[in-house]
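Me: I'm new to this structure and would like to learn how to read it. Could you walk me through a few features, starting with the ligand?

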Amino acid sequence: MFQPFREFLEEELFGRFDLSSRSIPPGLEFNVSDRGKNPAQIQSWCYQCPQLRKIRYTYIDAGETAQVFNSVIYPAHHYEMPLLGIDFLSFGKKKILVVLDFQPLFRDRAYQEKYIEPMRPIRDRYSDLAQNLEMKFYDANQYFSKYLLFAKTDAETVTNQLFPAYKEYLQLYWQMLEQVPPLTDPEDIKRIVQGQKDYDQYSAERDPASGLFSSYFGHEWAERFLYEFLFEDAVPLAVAAGRG
Ligand code: BLA
C-alpha cells in the first residue's frame with residue numbers, strides 16, 4: 001500500500017544527496033514473524049549525508065493485516081530546522097491513519113515563522129488530510145506542528161491526495177534544507193544536539209508502535225529496535241532511573 005511512497009523517498013534521496021549507509025545494529029535491519037496466523041516482516045534502511053545526519057525508514061508488511069511506512073529524517077546538528085516525520089499505517093485496509101509533519105525542535109515564534117509557516121499553503125490545499133484529530137499517545141504541542149497532515153482516511157485518498165501532498169512536503173523540505181543557514185556557534189549547535197536527543201527520548205517513551213513490535217517480534221526485540229535503532233539517542237527508562 002505505501003511501497004510507492006518508500007520508492008519515491010528513496011529516489012529523491014539518491015538523486016539529491018551523496019548518501020552513505022549508516023549501520024543498523026545486528027538483527028534489527030530485518031525480521032520476520034510467524035507468530036499467529038499472519039506472517040509479518042519488517043525491514044529498515046538507514047543513510048547519512050553531509051546535510052542529513054540520520055535518514056531512517058522502515059516498512060512493515062503483514063499483508064492485508066498491516067502495512068506501515070515510517071520514517072524520520074534528522075538534519076545535521078548545524079541546522080536547526082525541523083525533522084521530517086512520516087508515519088503511514090494501514091490495518092486491514094479499513095483503518096488507514098496517516099501522519100506527515102516537519103517536526104519542530106522548538107516552539108518559539110521566530111522558529112515557527114521560519115520553518116513551519118512555509119508548510120501552510122500546502123496544508124491548505126489538502127484539507128481532507130488535515131483533520132485535527134485528537135492525539136492519545138503524543139502531545140500535539142510537542143514536536144508536532146500546526147500544519148501537520150494527520151488523517152483517518154481510505155485507500156483512494158492515499159493515492160489521489162496523500163501522494164501529491166507527500167511530494168509537495170518533501171519538495172519544500174529539500175528547499176528549506178538548501179536555504180537554511182548553517183549554525184557556527186558551538187553553543188547554538190549544542191542546543192540542536194540536545195533538541196534532537198530530547199526528541200528521541202520523548203518519542204521512544206511514547207511510541208504507540210511498541211506494542212505492535214512486541215506482538216510480532218517479542219518484547220526484547222521491540223525494546224532493542226526502539227532504543228538501538230529508531231530512537232538511538234534515547235536512554236531506556238530503567239537505565240535512566242539507575243543513573244539518577
Ligand atoms: C500513531 N504510529 C501510531 C500508531 C502506531 C504507529 C501503531 C497507533 C495507531 C493507532 O491509533 O492504532 C506506528 N510508529 C509506528 C511505527 C513506528 C513508529 C511502525 O515510530 C516505527 C517503525 N509517529 C512517528 C513519526 C510521526 C508519528 C515519525 O513515528 C510523525 C509524523 C506520528 N503516529 C503519529 C501520530 C499518531 C501515530 C501523531 C497518533 C498517535 C496519537 O493519537 O497520539
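Reply: Happy to! Keep in mind that this is a predicted model. For a ligand, look at its polar contacts: a backbone N or O atom of F137 lies 2.5 Å from an oxygen atom of the ligand. Another such pair involves Y138, with a polar backbone atom 3.0 Å from a ligand oxygen. N70 takes part through its side chain, where a polar atom is 2.8 Å from an oxygen atom of the ligand.

Me: How much of the ligand's area does the protein bury?

Reply: Taken alone, the ligand exposes 860 Å², and the protein buries 93% of that. There are 27 residues around the ligand, and the closest are D87, K95, K136, F137 and D207.

Me: Which residues have the most contacts inside the largest nonpolar core?

Reply: They are F69, F88 and Y166, in a core of 89 residues. Helix α4, residues 155–179, gives the most to this core, with 12 residues. Try following Y166: leaving aside neighbours within four places in sequence, Y166 is in contact with F5, F8, L9, F69, I86, F88 and L100.

Me: How many disulfides are there?

Reply: The count is 0. To judge this, check the distance between sulfurs, as a disulfide needs two cysteine sulfur atoms within 2.5 Å. For C46, the nearest cysteine sulfur is that of C49, 11 Å away.

Me: Why is C49 not bonded to C46?

Reply: Because the 11 Å between their sulfurs is too far for a bond. As for their surroundings, C46 is buried, with a relative accessible area of 5%, and C49 is buried too, at 9%.

Methods
Residues numbered from 1 in each chain as written. Predicted model: local features only at pLDDT ≥ 70, side-chain atom pairs only at ≥ 80, totals over all residues. Heavy atoms only, no water. Core = buried A, V, L, I, M, F, W, Y, C linked by side-chain atoms within 4.5 Å. Buried < 20%, exposed > 50% of the residue type's maximum accessible area, 1.4 Å probe, protein only. Helix = DSSP H or I, 4+ residues; strand = E, 2+ residues; numbered from the N terminus. Contact = heavy atoms within 4.5 Å. Near = heavy atom within 4 Å. Polar contact = N/O pair within 3.5 Å; in protein donor to acceptor, adjacent residues only side chain to side chain. Areas by Shrake-Rupley, 256 points an atom, 1.4 Å probe, with all protein chains shown as cover.
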